[in-house]
2 protein chains.
Amino acid sequence: MPANPSLLVRHPTLLLTLSLRRFSLSSPSRPSPTFTLLTAYCCSSSSTANSNDNARSGRSGSLSSIPAHDFVQKIDVNPPKGTRDFPPEDMRLRNWLFNHFREVSQMFAFEEVDFPVLESEALFIRKAGEEIRDQLYCFEDRGNRRVALRPELTPSLARLVIQKGKSLSLPLKWFAVGQCWRYERMTRGRRREHYQWNMDIIGVPDVTAEAELISSIVTFFKRIGITASDVGFKVSSRKVLQEVLRCYSIPNELFGKVCIIIDKIEKLPIDEIKKELRSAELSDEAIEELLQVLSVKSLAKLEEKLGAAGEAVSDLQQLFSLAEKFGYSEWIQFDASVVRGLAYYTGIVFEGFDREGKLRAICGGGRYDRLLSTFGGEDIPACGFGFGDAVILELLKEKGLIPEVGQQVENIVCALDTDLQGAAASVATILREKGQSVDLVLENKPLKWVFKRAARINARRLILVGSSEWEKGEVSVKNLSSGEQYQIEVDRLE
Amino acid sequence: MPANPSLLVRHPTLLLTLSLRRFSLSSPSRPSPTFTLLTAYCCSSSSTANSNDNARSGRSGSLSSIPAHDFVQKIDVNPPKGTRDFPPEDMRLRNWLFNHFREVSQMFAFEEVDFPVLESEALFIRKAGEEIRDQLYCFEDRGNRRVALRPELTPSLARLVIQKGKSLSLPLKWFAVGQCWRYERMTRGRRREHYQWNMDIIGVPDVTAEAELISSIVTFFKRIGITASDVGFKVSSRKVLQEVLRCYSIPNELFGKVCIIIDKIEKLPIDEIKKELRSAELSDEAIEELLQVLSVKSLAKLEEKLGAAGEAVSDLQQLFSLAEKFGYSEWIQFDASVVRGLAYYTGIVFEGFDREGKLRAICGGGRYDRLLSTFGGEDIPACGFGFGDAVILELLKEKGLIPEVGQQVENIVCALDTDLQGAAASVATILREKGQSVDLVLENKPLKWVFKRAARINARRLILVGSSEWEKGEVSVKNLSSGEQYQIEVDRLE
């Protein structure tokens, strides 16, 4: 299905001038505003290049004398629509977030795994009408194979589990932090790529597994300063729906499809939902009963409706009882309307939501005991969740909880004149061999510049290599927080 | 250029049976050998699913009663050709390697960055005949735009630097560890995707920058146990070639193209190289002179050939002098034949090689002072290197230096009967709140099984939750290395 072409109109972006250098001698291209803007970069004389300068020259003109290519290309300096660059400040934040994902996963004794970001399209094609399928970022490769950038991690995990077969010792507790793609309209906290933290437990049929997964997400929230008054989990079970459908003799095959329709209940008008359910061959009576059950918000009420004997009620009761023992009761609530948008869930489903109701679901997961057989493997009970990097960052912004993560460097080492550049290199090597981080100043710069840089990189101390000290095998040290200054033999630097 | 179709023939792979479940009642599909193989997974009764079992049943039959989909798909359980899964044991090794990349980069005060793995194709299209261009993993997306999985990181870095413009404080010292793609024949240590560690210095025209980059790679090698007798760096400068071409009045525009031809000198017969150079409009005399200069292996000899005045010789002399001060002289050697296969290099180029000569280049880099202007930006002096994850792992295997990196977990917590599952959850939570890692046994399992699992995950101690101890608020602890056993109040667990 082709995407809406209107999505593809580009924002006005910084398109740089196109000129064929080989013709530029006779017809020099006029510098665009971009060129002017960038002139500030060229802080050393040797980088002030001029594309018309073909004269043989010394060091200062050397840049223009070796063309790497014979033409200038017109490029868009922005990343492709819906994707992101991570300059250092954004990368520090991403690392901060991902480190919490990893540390929590390891605290729960999960092992990290990864899969190809490019998979066979067939792995993601399901027939249940999921949003995720319509948004598949798919291509034909140079070998005419249908491939797709993964929209989620779970099918790859299932593929690997089937492939590894007997060699795996169950249960598996696996986590991954991987990039996922979807080709869709972009809104707040929704791009064409995002990173997703997944934790999955393969081989445990008991609800203890779901309880453990939710515990790990709660642990993550607490670590980053999110409380139970900021975020909650809506929990239900697909067995609730299944028990209703069974009463009306709805064929099992329709189950996934019905779940996908129900999942849209907050996005579409109720009449639209009913229409879709009718076209899925549900009777009006069944639809009314289904919608009534979906509005139930307490387990006691659900038990009244469905009776205490079924698995839906008993699974949920067990989960709520375990939540108390794990210590996160205040975080979770029963809500029959939660079904999640992936066709493969079969039991408990849950999603994390912000209590102010401003954002989309923060995370979601559930049990998917039958996914492996849809790929031709033997089923193994399994459950897991996906937790994106986009909505949580929106929430942290809302709550003022984005941390300040600056660069941290132990030393900045600077030669006081060009002849001492080698000496400064020796000092840097000595410190690095002791495990210390060193920003080595690679050019001859005024001290004012060096102090400015030291402040920007949060250097702990400045080490100056001057000729009179160096003759004695010493350097000058300035502790940049206390202001203390002293000279010391290089070998005694700690 | 379409890939050779013969590359695309699949190995015989594990293709699983295709059956439409809706028809399986009347015509059950025969289990393939794969099914038999996988039966061993189903260690708990509730996972022995049977797709023909539609009877209402209790927990043990529950899996078969909720179909997530209405059909079984035939999937290839292997990752797409030329790509890799990372099961836990491989992921641990990958993390070990990447952590060294990151720690070394940070020790040199480089900041981490990242870019989209999917970029506009135009960013990678250069006209110089590079291998990397012919191997571009490119597609048309759903919006009919030409996109490509990045074959390298440097063009994205250049794009971001142009985009950020004035807001950046030079010099930048940036590193990245990112996945790169190429559509090509696969050989040892060469797949269709690999991860590449890049370090780049933007804004420093002096050779100190290249010297610093090589120092960081040497530091990395030392950390992982590789010595100067295992690995060396061949170093040259593209200015050597340029000075020769200048003598023969070869136009600057041909420079990149000539470098790409020269880079193939060890892969193609010399006559083929000469033919390609002739078709690039070089005279026979120029070709002979070029090939003679390329065979030079000492700086003194080079100085004889080119004279001492040019930049080629003085840059290289400065680099070798700095290498001594950095302390890695024994790692580097001059070799005029090194030019590297990317069109954009303009000055010093280097590559890391195994001294036994068994493997392809381990890493490579150089100065690319003119890359930004090829994209329409203002040039800034820059240099960097790329270091793949494939060849280094081959080398570590050759040298027996692959580390054993097992899972490490502090505690394994197990309830001695099902009723105590909640109590075990409480114990796990208490330990995790103290920052400890806990593998919580989620099912009722025999002790023998628990000890086996504890050994596999390298648990430091086993905590058993039994009813008589739990009544007193205590648990049993077994230190798994010393064998020591004791009972302790839960709150006193450290």
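Student: Let's start with R150(A): is this residue buried or exposed?
Tutor: Keep in mind that we're looking at a predicted model. Buried here means under 20% relative accessible area. R150(A) has a relative accessible area of 3%, so the word for R150(A) is buried.

Student: OK, and where along chain A is R150(A) found?
Tutor: Look for the strand β4, which covers 146-149, and the helix α5, which covers 154-164. R150(A) belongs to neither, since it's in the loop between β4 and α5 of chain A.

Student: Which residue's backbone oxygen lies 2.8 Å from a polar atom of the R150(A) side chain?
Tutor: Leave aside the neighbours within four places in sequence, and R150(A) is in contact with a list of residues including D114(A), P116(A), V117(A) and W181(A). F115(A) is also on that list. The backbone oxygen at 2.8 Å from a polar atom of the R150(A) side chain is the one of F115(A).

Student: Zooming out, what share of chain A's residues counts as buried?
Tutor: Chain A has 17 helices and 16 strands. Among its contacts with a separation of 6 or more, 67% are between residues 24 or more positions apart. Of the 494 residues in the chain, the share that counts as buried is 61%.

Student: Let's pick one helix, α7 of chain A. How many of its residues are buried?
Tutor: This helix runs over residues 238-247 and is mostly covered. The buried ones are R238(A), K239(A), V240(A), L241(A), Q242(A), E243(A), V244(A) and L245(A). They pack against several elements of chain A, among them β7 (231-237), α8 (255-263) and α12 (311-326). Out of the 10 residues in α7, the buried count is 8.

Student: Which residue caps the N-terminal end of α7(A)?
Tutor: Find the backbone nitrogen of K239(A), then look for a side-chain oxygen 3.0 Å away. That oxygen belongs to the capping residue, S237(A).

Student: And just after α7(A), which residue takes a positive phi?
Tutor: Most residues other than glycine have a negative phi, so a positive one catches the eye. The residue we want sits in the loop between α7 and α8 of chain A, and at 64% relative accessibility it counts as exposed. Its phi is about 50 degrees although it is not a glycine, and its name is S249(A).

Student: In chain B, what's the phi of R340(B)?
Tutor: R340(B) lies in the loop between β8 (332-334) and β9 (348-354) of chain B. At 19% relative accessibility, R340(B) counts as buried. R340(B) isn't a glycine, yet its phi is positive, at about 70 degrees.

Student: Which residue is joined to P171(A) by a cis peptide bond?
Tutor: P171(A) is in the loop between α5 and β5 of chain A. The omega of the cis bond is about -5 degrees. Chain B has a cis bond too, joining L170(B) and P171(B), but in chain A the partner of P171(A) is L170(A).

Student: How many disulfides turn up over all chains?
Tutor: A disulfide is a covalent bond between the sulfur atoms of two cysteines. The search needs two cysteine sulfurs within 2.5 Å. Take C138(B): its closest cysteine sulfur, in C180(B), is 15 Å away, so that's too far for a bond. For the whole structure, the number of disulfides comes to 0.

Student: Last topic, the second largest cavity. How many of its lining residues are charged?
Tutor: About 70 Å³ of space lies in this cavity, and 10 residues line it. The ones nearest its centre are D141(A), R145(A), V147(A), P80(B) and K81(B). The lining divides into 4 nonpolar and 1 polar, and the number charged is 5.

Student: And how many cavities of 30 Å³ or more are there?
Tutor: Rolling a probe the size of a water molecule over the atoms shows where empty space is left. The cavity we just looked at is the second largest, with about 70 Å³. The count of cavities of 30 Å³ or more is 8.

Conventions. Residues numbered from 1 in each chain as written. Chains lettered and ligands numbered in written order. Predicted model: local features only at pLDDT ≥ 70, side-chain atom pairs only at ≥ 80, totals over all residues. Heavy atoms only, no water. 1 Å grid on protein atoms, 1.4 Å probe; cavity = no way out; pocket = protein on both sides within 12 Å on 5 of 7 lines; lining within 4 Å. Points joined across faces, edges and corners; volume = space filled by probe spheres on them. Nonpolar A, V, L, I, M, F, W, Y, C, P; charged D, E, K, R; others polar. Buried < 20%, exposed > 50% of the residue type's maximum accessible area, 1.4 Å probe, protein only. Helix = DSSP H or I, 4+ residues; strand = E, 2+ residues; numbered from the N terminus. Contact = heavy atoms within 4.5 Å. Polar contact = N/O pair within 3.5 Å; in protein donor to acceptor, adjacent residues only side chain to side chain.
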